[in-house]
Every structure is written in structure tokens, then in C-alpha cells.
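Work through the following exercises with the sequence and the structure open beside you. Try each task before you read its solution.

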2 protein chains.
Amino acid sequence: MSPHLASDSLTQRLADSGLRSTPQREVVYSVLLRKRDHPTAEEVFARVKTELPTISLATVYNCLETLVQCELVRAVNFERSPTRYCPNLRPHAHFHDEQTGRTYDIDLPPAVLAEVNQVLPAGFDASSVEITFRGQARATS
Amino acid sequence: MSPHLASDSLTQRLADSGLRSTPQREVVYSVLLRKRDHPTAEEVFARVKTELPTISLATVYNCLETLVQCELVRAVNFERSPTRYCPNLRPHAHFHDEQTGRTYDIDLPPAVLAEVNQVLPAGFDASSVEITFRGQARATS
DNA sequence: CGATTGTTTGGAATAGTTCCAATTCCAAGT
DNA sequence: ACTTGGAATTGGAACTATTCCAAACAATCG
Ligand SMILES: [Mn+2]
Ligand SMILES: [Mn+2]
Ligand SMILES: [Zn+2]
Ligand SMILES: [Zn+2]
């Protein structure tokens with residue numbers, strides 16, 4: 001029988017880091033993949049509880065941190081509001097709609113990324129860039 | 001006699017917002033202008049205390065918020081670490097050195113800013129963009 | 001002046017997250 | 001199968017940055 005891909009790549013990534021695949025980790029990850037709306041830890045907690053009613057918030061935080069460290073999930077911060085979690089691994093920026101609070105992924109073409117890195121003077125060696133827009137989005141998707 | 005410019009523009013800006021110029025606000029602002037190393041509220045508090053030994057941390061937070069609202073100062077967030085404050089009003093990105101924790105201003109040419117805004121699909125109306133680099137900086141300044 | 005409104009202050013409260021010690025789970029090794 | 005050592009989970013306490021609050025203080029106005 002062929003299990004679905006996501007859970008396999010999860011098991012693989014965890015193994016690569018010497019970590020175990022657990023029901024908690026699997027459900028936390030699947031919840032992120034299922035609804036890609038950049039939920040907070042509390043929101044993930046609420047969603048996971050429908051499948052694992054006894055999971056604790058501490059475990060959700062643990063799992064999310066693990067997923068971030070395995071580079072399966074990105075932690076996204078807006079100002080000082082609660083951290084949000086994003087399973088989109090392509091290079092992308094975030095657009096935060098100030099009215100609705102919704103967060104949108106904005107694909108970043110390599111050319112733009114290269115251009116942005118050009119602004120760094122000699123001596124600055126960037127390992128990552130983060131681009132965040134704030135404004136108003138007309139409801140499309 | 002001609003007072004120095006900074007405190008004047010501060011008084012002006014505050015007045016524009018219907019706010020008063022106070023010793024606390026002036027010293028908080030002057031401390032930010034004097035050492036532009038993106039201090040946290042606690043660091044500002046420590047610096048201001050040498051001039052106003054009885055100022056409270058709550059007041060520092062109040063003053064900083066006021067300055068941000070008057071658009072004389074930018075609040076800078078890096079992940080979930082304490083908010084830092086920056087009196088540089090030109091469009092610029094931030095470079096966070098992961099080793100030293102230091103934050104550098106990186107000037108953003110209008111052309112790059114325009115290019116970055118190009119990535120937004122129709123329907124996304126951005127009021128601001130924030131660009132943050134993380135990496136290692138060779139000590140220059 | 002007295003009244004009004006804005007500002008500061010210290011301390012309490014809040015929120016998001018992390019820490020901790022106790023339990024539970026699991027994978028080998030016997 | 002049974003032990004056992006490490007990994008993972010759990011509930012609750014602790015922590016930290018920030019905000020809230022009510023009282024004191026200060027400036028401005030009539
Ligand atoms: Mn918002
Ligand atoms: Mn750092
Ligand atoms: Zn995203
Ligand atoms: Zn800056």
C-alpha cells in the first residue's frame with residue numbers, strides 16, 4: 001500500500017535529523033498543509049485537537065519548532081504578533097492585509113531576489129532575506 | 001539664539017499631532033539620534049536615565065510609541081526579540097548580524113524598491129514594505 | 001487662581017512562549 | 001517477551017516584553 005507523500009517526506013526529514021515520526025508531529029504538519037492560512041500556534045492547537053484531543057499546547061510548540069528546524073515549515077512574524085507558520089518552501093514574501101489580518105504568499109522570482117541582494121555593500125554576507133508587505137488586498141483567492 | 005534642529009523638528013512634529021514637547025520625549029529622541037544602534041526600549045531606558053534619573057520604563061515606552069506615531073522613529077522587529085528603535089527616516093532595509101546581534105541600516109534605492117513592488121499581483125495594494133537580511137557582516141564601521 | 005486636559009509614574013496585569021520535572025512511549029538489546 | 005535508556009509528551013510554572021491602570025504631576029486656559 002502507498003501512504004501519501006507528505007507524511008513520508010516528513011518521516012524522512014525527521015529521520016535525517018535523528019528525530020522520530022510521532023502522531024503529534026504528523027498531525028501538526030498535516031494541519032499546516034491542509035489549510036495554508038498561516039495559523040498561529042494556538043490556531044494549530046485548536047485544529048490538531050479535533051484529531052488528537054489530548055495533545056498539549058506545549059507539544060504543539062515543540063512540534064512546530066521541530067518542523068521549522070527540519071526546514072519543512074517557516075516561522076513568520078509580523079511586528080510582535082504571535083508567530084505564524086507556513087509550509088510553503090518556495091522563496092516567497094508575505095503580504096499582510098491590515099483590514100482582515102490575512103496573510104498571503106507572494107512568489108519571489110529569482111531575478112528579484114538577486115536584485116534585492118545587490119543592495120548589500122561589500123562585507124555583508126546574507127544567509128537569508130525576508131520581505132514583508134503591509135497593505136490592503138482585494139479578495140481574489 | 002538658535003536651538004539645535006532636532007529638538008525643533010521634534011517640537012514641531014509633536015505640535016502637528018496635538019502633542020506637547022516634554023523633557024522625557026526630547027531626551028528619548030535625542031538618545032536615539034545620538035547613538036543609532038537600534039536600541040531596545042530597555043537600552044533606551046538605561047541611556048535616558050543618565051540624563052533623567054527618575055524617568056520610568058513606562059514613560060520610555062510611551063515616548064517611543066509617540067515618536068513612532070509622529071513618524072520620527074521606526075520600530076524594528078526581528079523575529080520575536082524586543083522591538084528596536086531607529087531614527088533613520090530614509091527608505092532602508094535592516095541587516096541583522098547573527099554573531100554580534102548588531103543591526104545595520106542598508107539604504108534602499110528607489111529603483112530596487114520599485115522592482116520589489118513589481119512582484120505584487122493585481123489586487124495587492126501595499127502601503128509599506130519591509131526588507132530584512134540576516135547573516136554575517138564584516139566589521140567596517 | 002481653579003478647572004481641564006495631557007503626561008508621567010510605579011505597579012499590576014497580560015500574552016505569547018519557554019522551561020521544567022514527571023510521565024509515557026518506543027526501539028533495541030537481551 | 002522483558003528490560004532499559006533515550007526520546008517525546010504533558011500540565012503547569014516561569015519568563016519576558018509590553019500594555020494597562022489609577023494616582024500624582026504639570027502645563028495651559030478661562
Ligand atoms: Mn493587522
Ligand atoms: Mn541574533
Ligand atoms: Zn508563507
Ligand atoms: Zn534602521
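**Exercise 1: The surface near the DNA**

The residues of the surface near DNA strand C, where near means that a heavy atom lies within 4 Å of the strand, divide into six nonpolar, seven polar and four charged. Here Ala, Val, Leu, Ile, Met, Phe, Trp, Tyr, Cys and Pro count as nonpolar, Asp, Glu, Lys and Arg as charged, and the others, Gly among them, as polar. This is a predicted model, in which local features need pLDDT of at least 70 and side-chain atom pairs count only at pLDDT 80 or more, while totals for chains, interfaces and linings use all residues. Residues are numbered from 1 along each chain as its sequence is written, chains are lettered from A and ligands numbered from 1 in the order in which they are written, and side-chain values use heavy atoms, with hydrogens and water left out.

Task: find which residues come nearest to DNA strand C, and which polar atoms lie by its backbone.

Solution. Begin with the 17 residues around the strand, of which A:Tyr61, A:Thr83, B:Thr22, B:Arg25 and B:Thr59 come nearest. Sugar and phosphate make up 81% of the strand's atoms that come within 4 Å of the protein. Next, look for polar contacts, which are pairs of N or O atoms within 3.5 Å; within protein, one must be able to donate a hydrogen and the other to accept it, and residues adjacent in sequence count only if both atoms are side-chain atoms. A polar backbone atom of B:Arg20 is 2.8 Å from a phosphate oxygen of DNA strand C, and one of B:Thr54 is 3.4 Å from a phosphate oxygen, whereas B:Gln24 places a polar side-chain atom 3.2 Å from a sugar or linking oxygen.

**Exercise 2: A strand and its neighbours**

Task: decide whether strand β3 of chain A is mostly covered or uncovered, and find its partners.

Solution. Helices (H or I, at least four residues) and strands (E, at least two) are DSSP runs numbered from the N terminus, and buried means under 20% relative accessible area, exposed over 50%, and partly exposed in between, with a 1.4 Å probe and protein chains only. In β3(A), residues 92-97, six of the six residues are buried. In a regular strand the side chains alternate between the two faces of the sheet. On one side of β3(A) lie A:His92, A:His94 and A:His96, on the other A:Ala93, A:Phe95 and A:Asp97, and all are buried.

Now turn to pairing, for which DSSP must find at least two bridges between two strands. Five bridges join β3(A) to the antiparallel strand β4(A), residues 103-107, where A:Asp105 stands opposite A:His94. Four bridges join β3(A) to the parallel strand β5(A), residues 124-137, and there A:Gly135 is the bridge partner of A:Asp97.

**Exercise 3: One residue in a loop**

Task: explain why A:Asn88 counts as buried, and list what it touches.

Solution. First locate A:Asn88, which sits in the loop between β2 (84-86) and β3 of chain A. Its relative accessibility is 6%, and therefore A:Asn88 counts as buried. Leaving out residues up to four places away in sequence, A:Asn88 is in contact (heavy atoms within 4.5 Å) with A:Arg36, A:Arg74 and A:Asp105. With the side chain of A:Asp105, the side chain of A:Asn88 makes a polar contact of 2.9 Å.
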